[in-house]
Amino acid sequence: MLLVKNAGLALLLLSGSLVNARAETPLPDAIAAPGETIVLTAHAEGGQIYECKAGADGKLAFAFREPIATLLVDGKTVGRHYAGPNWEYSDGSAVVGKVAGNAPGAAPNDIPWLKLNVISQRGSGTLTGVTTVQRINTSGGKLEGSCDKAGSYRSVPYSADYVFLRKG
């Protein structure tokens with residue numbers, strides 16, 4: 001019985017070390033934000049919305065239109081993410097970002113990891129003063145290829161973690 005308890009404890013300690021090792025893995029340079037401080041990390045669950053449109057070559061293909069996601073902290077809804085891209089926190093503070101860098105997701109169907117510079121803010125609260133948003137740990141969300149009917153839409157489920165940072 002003591003052996004089982006010790007093995008369980010060893011496994012628990014080892015798994016904790018693995019989690020910490022993953023959390024401390026450096027981000028790709030393209031999306032890193034050295035010297036910035038984390039204000040908030042929120043998990044997002046939602047969809048990436050695509051529209052069927054004619055490309056430059058005249059062929060129909062799905063083109064990214066907008067994200068629609070719920071922001072969660074400790075399993076509780078704290079805000080939303082939508083076209084712009086906008087992030088709104090439940091206290092009324094919000095930021096809009098512009099892509100400044102990207103890195104591939106872990107799997108072929110994962111949308112890329114992003115670094116976004118905040119280009120505008122509104123309200124006051126948790127997101128006030130945020131200068132950078134990182135999208136990391138993406139899962140799903142990617143849709144590529146042809147489609148049959150211009151103007152049709154598809155929503156592809158995705159999840160990601162959004163890290164809100166402040167300079168200084």
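This is a short tour of a predicted model, with a suggestion at each stop for what to select in your viewer.

**Stop 1: the barrel**

Begin with the whole chain in cartoon view. Eight strands close into a barrel here, in the order 1-2-3-4-5-6-7-8, and their pairing is antiparallel. On average, neighbouring strands of this sheet are turned by 30° against each other, direction ignored.

**Stop 2: strands 1 and 2**

Select residues 36–54 for strand 1 and residues 60–73 for strand 2. How many bridges pair these two strands? There are 12 bridges, and the pairing is antiparallel. To see one spot in this pairing, click on Gly46 and look across to strand 2, where Ala69 stands opposite.

**Stop 3: two hairpins**

Now add residues 76–82, which make up strand 3; five bridges join strand 2 to strand 3, and the two run antiparallel. Find Leu72 and you will see Thr77 of strand 3 opposite. Strand 2 and strand 3 form a hairpin with two residues between the strands, and Asp74 in this hairpin takes a positive phi near 50°.

Next, select residues 86–89 to bring in strand 4, which is joined to strand 3 by four bridges and runs antiparallel to strand 3. Here Arg80 stands opposite Glu88 of strand 4. This hairpin has three residues between strand 3 and strand 4, and its turn includes Gly84, with a positive phi of about 145°.

**Stop 4: strands 5, 6 and 7**

Carry on round the barrel by selecting residues 94–103 (strand 5) and residues 113–122 (strand 6), an antiparallel pair with nine bridges. Which residue of strand 6 is the bridge partner of Asn102? Click on Leu114 to find the partner. Then add strand 7, residues 132–140, which runs antiparallel to strand 6 and is joined to strand 6 by four bridges. Look for Lys115 with Gln134 of strand 7 opposite.

**Stop 5: a pocket**

Time to look at empty space. Rolling a probe the size of a water molecule over the atoms shows where such space is left. The second largest pocket has a volume of about 170 Å³. To see what lines this pocket, select Gln48, Tyr50, Phe64, Pro67, His81, Pro85, Trp87, Ile111, Leu114, Leu116, Arg135 and Tyr162. Strand 1, strand 2 and strand 6 each give at least two residues to the lining. Try colouring the lining by type: nine of its residues are nonpolar, two are polar and one is charged.

**Stop 6: aromatic rings**

The structure holds three aromatic pairs. Show the side chains of Tyr50 and Phe64: their ring centres are 5.8 Å apart and their planes stand at 75°, so this pair is edge-to-face. Since Tyr50 sits in strand 1 and Phe64 in strand 2, the pair ties together parts that are 14 residues apart in sequence. Is each ring's residue buried or partly exposed? Tyr50 counts as buried, at 6% relative accessibility, whereas Phe64 is partly exposed, with a relative accessible area of 46%.

For another pair, select Trp87 and Phe164, which are also edge-to-face, with 6.2 Å from centre to centre and 85° between the planes. Trp87 lies in strand 4 and Phe164 in strand 8 (residues 153–167), so this pair ties together parts that are 77 residues apart in sequence. Trp87 is buried, with a relative accessible area of 1%, and Phe164 counts as buried too, at 0% relative accessibility.

To finish, add Tyr162 to your selection: Trp87, Tyr162 and Phe164 form one aromatic cluster.

Methods
Residues are numbered from 1 along each chain as its sequence is written. This is a predicted model: local features need pLDDT of at least 70, side-chain atom pairs count only at pLDDT 80 or more; totals for chains, interfaces and linings use all residues. Side-chain values use heavy atoms; hydrogens and water are left out. Two strands pair if DSSP finds at least two bridges between them. Axes are lines fitted to C-alpha atoms, for helices over the stretch in contact, and angles run from 0 to 180 degrees between N-to-C directions. On a 1 Å grid over the protein atoms alone, a cavity is a set of points where a 1.4 Å probe fits but cannot get out, and a pocket is an open set with protein on both sides within 12 Å along at least five of seven lines; lining residues have an atom within 4 Å of a point. Grid points are joined across faces, edges and corners, and a volume is the space filled by probe spheres set on the points. Ala, Val, Leu, Ile, Met, Phe, Trp, Tyr, Cys and Pro count as nonpolar, Asp, Glu, Lys and Arg as charged, and the others, Gly among them, as polar. Rings of Phe, Tyr and Trp (its six-membered ring) pair if their centres lie within 6.5 Å; planes under 30 degrees apart count as stacked, over 60 as edge-to-face and the rest as tilted. Buried means under 20% relative accessible area, exposed over 50%, partly exposed in between (1.4 Å probe, protein chains only).
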